[in-house]
Amino acid sequence: MSKLLLIDDEEPVRKIVGLYLRSHGYEVFTAADGPKGIELFQREGPSIVLTDIKMPGMDGIEVLKKIKQTSPETEVIVITGHGDMDLAIQSLQFDASDFITKPVGNEALSIALKRAEERVDTRRLLKEYTDNLEVMVKEATEELSKAHDFQKNLIQSSIDGIIASDKDGTIVVFNRGTEDLLGYTADEVVGKVPIDTVYLPGVGEKINETLIAEAYGGKNRLVNYENVLISKNGEEIPVRISGATLFENGEKTGVVCFFQDLREIKRLQRELIQIERLSAIGQAVAGMAHYTKNILNGLQGGVYIVNTSLKKDKPDLLRKGWGMVENNVSRISDLVMNMLIYSKEREPDYVSCSPNDIAQEVYDLMYETLKARSAKLDYLMKEKGMHPDIKLSKDFDPSIDECYLDPTGAHRCLLNLVTNAIDACTQEPDEDKDFRVIIRTRKEDDGISFDVVDNGVGMSKEVQEKLFERFFSTKGPKGTGLGLLVTRKIVDEHGGTISFESEPGQGTTFTMHFPCRKDSSDTIASPV
Amino acid sequence: MGKKILIVDDEIEQIEYASTVLEASGYTPVIAMDGKEGMKKVKAEKPDLILMDIMMPERGGIGMYQDLKHDEETKNIPVIIVTGIARGGHFDDLIVRQGQDTPPPEGYIEKPMNADAMLKMVSNLLS
């Protein structure tokens, strides 16, 4: 229930109007003059005051002024006599809410009250809203300051260096990480020097250009760009830079850059390369040593038998011993040839030649080797057919023309692949297989291909993955791991490709593709 | 007929060398090219000594050695292991014996094989 104060010197008015107001739900307080009215007002704090203007002593205008002075939000409605227009206007100037004329009509009173009520409500709502707004602003400010502190902490405690610059390029944020990285304190640089101070000449511009462009992480972003920063004492520090353009209301306000110190990473990388190099050399030397030892073993055997033959005068032993010497000399020359090619001592020599002739040479050579092996096995085992023969066959495409190849290199490649194919057959535990190795040549649109097909032991996934690694061999001390490396190198030098398909227990097919060149001036792109 | 020596190796060059050296000194070499064939020949030929390479594909040499030393019929045949690994006998010994269940071989000889040293070891083990 709203409180209402009615001040009037005429008792009948107080009575009648008071009755009317009470009947409309107001808690009505009445006063017969100004000072009493003010006293009641101060005690009860009504939201609406109805006051007569013309009263003895303190008049209505005075009452209005006093009330408005202490409580401007109170609705004061003045009651004027008929024709007191000047007073009515005056009261409005002193911020009365409304005026009604005597005799007070119910309708006019009701309208004035309604308006006053509305204003009270509006004012209350407005006040609530304002109060809320204040709380919200306070809360938001607290949130904001929390977020700001958090972000500030985040920036400060980042191990990576963070520098932000404004749109003129002046440093505005310089975190602890950057202090540690570059040796400046934030106080020395923030707001004082341009960000270009920490870059090599031109790098700052380059970063800005890259930020503008789409490349390196998209527009307004820069991701993992490697460069150096200049420390306070002039040291160049390798860093990985990421950055972003900062915007406010769609307008560029600056740039923030993040710097990751790469000194330790670079040092580890150098160390790793060194270790890898040493370990590769060690591995290669160990492989060569074992393989050479095997050959040496055979050579020593041959020499021993030749000596025995001379000592004991047994000429049949001489032939055998000499055969062993020859055989091992050819093995060592194969090894040295592969080593030379691999070590780049030998320059490829491109001449016009027939790929089929090269394949035929390898076929003839390996055919004789296999025949000798079979005869030797039969002799050693003292019975025939203990070990299955490996059948070597050829399938040459007669339409292949001459083309520019390095014949010695191509011969070497094919020889290595056929040797591997034969070894794959001897390593297959299933001895009932009819082992076969096929050398095939094929003419293709853009060159020629050599296939070497075997149905030997095949390769597991693990072996296939490691196949072209440095000095990888499945043959233990009986291989160097050099054969495929050399083959690949030669194929690469020709701008060709080498590929394979293999299934454990089923066999392997290697394919070398060489692009065909029409003349020697058609230079070969050097492999990267 | 001299004493029978079984040579087990997957490399023809090695077999040729060992068999020629042994034959020239009056022994009778018998040949096998993997562990499976080796075991067959041991049973069929009953050699007096076995000279074997351990590094053969498919764990052939190691398997054969294990079988030999755990078989009553064959465990007393002296075995010389030909090793290409220049790491001394100890490493190979562990590989060959796979722990301590299997007795060590009677001899080790390293590649490149010195023929005189090999002959001397053979004749010592057979006497």
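**Exercise 1. Locate the patch of negative charge on the surface and place A:D357.**

Solution.
- Step 1: the members. A:D357, A:E361, A:D364, A:E368 and A:E402 gather in a surface patch of negative charge.
- Step 2: the rule. A patch takes residues with over 30% relative accessible area and no salt bridge; like charges are joined within 9 Å, and nonpolar side chains (Val, Leu, Ile, Met, Phe, Trp, Tyr) within 5 Å. Asp and Glu count as negative, Lys and Arg as positive; His and the chain ends are not counted. The place of a charge is NZ of Lys, CZ of Arg, CG of Asp or CD of Glu.
- Step 3: the element. A:D357 sits in helix 11 (residues 355–381) of chain A. Helices (H or I, at least four residues) and strands (E, at least two) are DSSP runs, numbered from the N terminus.
- Step 4: the cover. A:D357 has a relative accessible area of 48%, so the residue is partly exposed. Buried means under 20%, exposed over 50%, and partly exposed in between (1.4 Å probe, protein chains only).

The model is predicted: local features need pLDDT of at least 70, side-chain atom pairs count only at pLDDT 80 or more, and totals for chains, interfaces and linings use all residues. Residues are numbered from 1 along each chain as its sequence is written, chains are lettered from A and ligands numbered from 1 in the order in which they are written, and side-chain values use heavy atoms, with hydrogens and water left out.

**Exercise 2. Describe the nonpolar patch that includes A:L133.**

Solution.
- Step 1: A:Y129, A:L133, A:M136 and A:V137 form this surface patch. Together they have about 420 Å² of accessible area. Areas come from the Shrake-Rupley method with a 1.4 Å probe; for residues, only the protein chains shown count as cover.
- Step 2: A:L133 belongs to helix 5 of chain A. Its relative accessible area is 38%, so A:L133 is partly exposed.

**Exercise 3. Find the backbone exceptions at A:P103, A:N224 and A:D313.**

Solution.
- Step 1: the baseline. Most residues other than glycine have a negative phi, and most peptide bonds are trans.
- Step 2: the peptide bond. From A:K102 to A:P103 the bond is cis, with omega near -5 degrees. A:P103 lies in the loop between strand 5 (98–101) and helix 5 (106–157) of chain A.
- Step 3: A:N224. Phi is positive here, near 50 degrees. A:N224 is part of strand 8 (residues 221–230) of chain A. At 48% relative accessibility, A:N224 is partly exposed.
- Step 4: A:D313. Phi is again positive, near 55 degrees. A:D313 falls in the loop between helix 9 (263–312) and helix 10 (315–342) of chain A. With a relative accessible area of 64%, A:D313 is exposed.

**Exercise 4. Is A:N328 buried or exposed, and what does this residue touch?**

Solution.
- Step 1: A:N328 is in helix 10 of chain A.
- Step 2: its relative accessible area is 1%, so A:N328 is buried.
- Step 3: leaving out residues up to four places away in sequence, A:N328 touches A:I295, A:G298, A:L299 and B:E13. Contact means heavy atoms within 4.5 Å.

**Exercise 5. Work through the salt bridges of A:D451 and B:K43.**

Solution.
- Step 1: the total. There are 37 salt bridges over all chains. The criterion is a side-chain nitrogen of Lys or Arg within 4 Å of a carboxyl oxygen of Asp or Glu.
- Step 2: chain A. A:D451 and A:R440 pair at 3.0 Å, N to O. A:D451 lies in strand 15 (residues 447–454) and A:R440 in strand 14 (residues 436–444), so the bridge ties together parts 11 residues apart in sequence. A:D451 is buried at 2%, whereas A:R440 is partly exposed at 26%.
- Step 3: chain B. B:K43 meets B:D71 at 2.7 Å, N to O. B:K43 is in helix 2 (residues 35–45) and B:D71 in the loop between helix 3 (60–69) and strand 4 (79–83), so this pair ties together parts 28 residues apart. B:K43 is partly exposed at 35%; B:D71 is buried at 19%.
- Step 4: another partner. B:E73 bridges to B:K43, with the closest N and O atoms 3.4 Å apart. The pair links distant parts of the chain, 30 residues apart.
- Step 5: the network. Salt bridges with shared partners join A:D395, A:R440, A:R442, A:E444 and A:D451.

**Exercise 6. Summarise chain B.**

Solution.
- Step 1: chain B has 5 helices and 5 strands, in the order β-α-β-α-β-α-β-α-β-α.
- Step 2: 58% of its 127 residues count as buried.
- Step 3: among contacts with a separation of 6 or more, 69% join residues 24 or more positions apart.
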